[in-house]
Amino acid sequence: MIRERIRKISSQDTKFRGIVYGISFSTILITIFIGIFLMYKGQYTFTALGHSLKEFLFSSDFNPADSVGAKGTVGSVPFILGSFYTCGLALLFATPFAAVSSIFITEVSPRLGEKFLRPTIEIFVAIPSIVYGWTGLVVLVPFIRDLFNLSYGNNIFTAAIVLSVMIFPTIASVMIDSLKGVPKAYKDASYALGTTRWQMIYKVLVPAGKSGMITGIILGLTRAMGEALAVSMVIGKTRNVPKSIFESASTLTSVIASNMGNTFDKTEYNSVLWSMSALLFIISILLIFLIHKVGDRNEQNK
C-alpha cells in the first residue's frame, strides 16, 4: 500500500518534471529558431544582393529598390542613430523618476507607496501602445511645437517623452524589487552608526541595490528598442540623419513596422527590412547578456 503510493507520487513527479523541462527547452528552441529565421532572411541583403555590411551599418544613403532585380542603396545609419537617440533620451527621462519612485515605495513611505503609487505604476503597463501614440500625437506634438516655437512637433524629443512614459513601469518595478531585496541588517547597521534616513538611502540602500537597478535600466532599454507603434506616430518618420533632438527621424522598429507590409519578398527593400530586424534581434541578445553579466557580478559581490 505504502509502496504503491510512493510509486504513484514518484510517477507524478516524473511527469511534472518532464512537462517543466519540455516547456523550458521549447522556449529555448523557439528563440533559436526565431534567430535562425531572422538571420536567414537578413543575410539575403548581403549574399544575394551584394551589399556590404559596412554600407548597411555606416552609410546614410537609404534608397532601396522595391522591384525584383533592381538595385539601390541600403544605408541604415539614419534609423540606427534615430533608435539610439530616442531610446537614450527616453532612459534619461525615465530613470530618475523610476529611481525616486522605487525609493519612495520601499523606504520613504512603504504603506502609501504599496497602496497607491505601485498600483498606479502597474496601470501604465496595461495601457496599449496605440493610446500612448495617439495621446502623444494629439496632445504632446502641438504642445512641444508651441513650447519651443518649432515648425512641427513630430521629433525625437517628443518620441522620447512618449517612450519614457512607456518604459517607466518596467524600470521602476525592477528597481523596487531590487531595493526590497537589500537585507534589513544593512539598514539597521547603518542606523546603529548614527546615520539619518537619507544618508542610509544614498550610502547603503542604493549602493547595495545598484546591480538590480542597473538591470532595470537595461530592461527598460530593451523595451524601448522594441517599441514601434507609439514612436512611429510621433517621431516624424524621415530618412535623414538626425542632427538635433528637435528634428524628425525614424527608428529601426518604426521603419520596419511602417514599410514591411508594403514590400514584396526578395526585393531589396524587403530584404533590408529583414536585415534591420536581425540587427534588432542581435542588439536584444547583447542586452540580455549584459543583464546576466550585471547579475553575476552582483552575486560575486555578495
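Ser 76 is found in the loop that runs between strand β2 (73–74) and helix α4, and in this predicted model it has a relative accessibility of 0%, so that it counts as buried, a class that requires a value under 20%. Leaving out residues up to four places away in sequence, Ser 76 touches Glu 55, Phe 56 and Ser 59 as well as Val 272 and Met 276. Glu 55 and Phe 56 fall within the range of helix α3 (53–58), while Val 272 and Met 276 fall within that of helix α13 (268–301).

A second serine, Ser 190, lies in helix α8, which comprises residues 184–192. Ser 190 has a relative accessibility of 6% and therefore also counts as buried. Its contacts, once neighbours within four places in sequence are left aside, are with Thr 195, Met 200 and Val 204.

Gly 50 belongs to the loop between α2 (44–47) and α3 (53–58), and its relative accessible area of 52% makes it exposed, because that class begins over 50%. Not counting residues up to four places away in sequence, Gly 50 touches Thr 45 and Lys 71. From Gly 50 to Phe 62, a separation of 12 residues in sequence, the distance in space is 15 Å between C-alpha atoms.

Two lysines in loops have a positive phi although neither is a glycine, Lys 237 with a value near 55° and Lys 266 with a value near 75°. The loop that holds Lys 237 connects α11 (229–234) with α12 (252–259), whereas Lys 266 lies in the loop between α12 and α13 (268–301). Lys 237 counts as partly exposed because its relative accessibility is 46%, and Lys 266 is placed in that class because its relative accessible area is 37%.

The accessibilities of these five residues are set out below.

| Residue | Relative accessible area | Class |
|---|---|---|
| Ser 76 | 0% | buried |
| Ser 190 | 6% | buried |
| Lys 266 | 37% | partly exposed |
| Lys 237 | 46% | partly exposed |
| Gly 50 | 52% | exposed |

Helix α5 can be described through its length, its bend and its packing. Its 17 residues, 110–126, should span 24 Å at 1.5 Å a residue, and this expectation agrees with the model because the end C-alpha atoms are 23 Å apart. Helix α5 nevertheless bends by about 35° at Leu 117, and a proline, Pro 119, follows within four residues of that position. The buried residues of α5 are Gly 113, Arg 118 and Ile 121, and they pack against two other helices, α4 (77–108) and α7 (156–180).

For the chain as a whole, the secondary structure comes to 13 helices and two strands, and the C-alpha trace spans about 70 × 65 × 35 Å along its principal axes. Of the 302 residues, 41% count as buried. Among contacts with a separation of 6 or more, 70% are between residues 24 or more positions apart in the chain.

The accessible surface of the chain comes to about 17,000 Å², and carbon and sulfur atoms account for 66% of that area. As for charge, the chain has 27 positive and 17 negative side chains, with the centres of the two sets lying 8 Å apart.

Key. Residues are numbered from 1 along each chain as its sequence is written. This is a predicted model: local features need pLDDT of at least 70, side-chain atom pairs count only at pLDDT 80 or more; totals for chains, interfaces and linings use all residues. Side-chain values use heavy atoms; hydrogens and water are left out. The expected span of a helix is 1.5 Å times one less than its number of residues. The bend at a residue is the angle between axes fitted to the seven residues ending there and the seven starting there. Buried means under 20% relative accessible area, exposed over 50%, partly exposed in between (1.4 Å probe, protein chains only). Contact means heavy atoms within 4.5 Å. Accessible areas come from the Shrake-Rupley method with a 1.4 Å probe; for residues, only the protein chains shown count as cover. Lys and Arg count as positive and Asp and Glu as negative; His and the chain ends are not counted. The place of a charge is taken as NZ of Lys, CZ of Arg, CG of Asp or CD of Glu.
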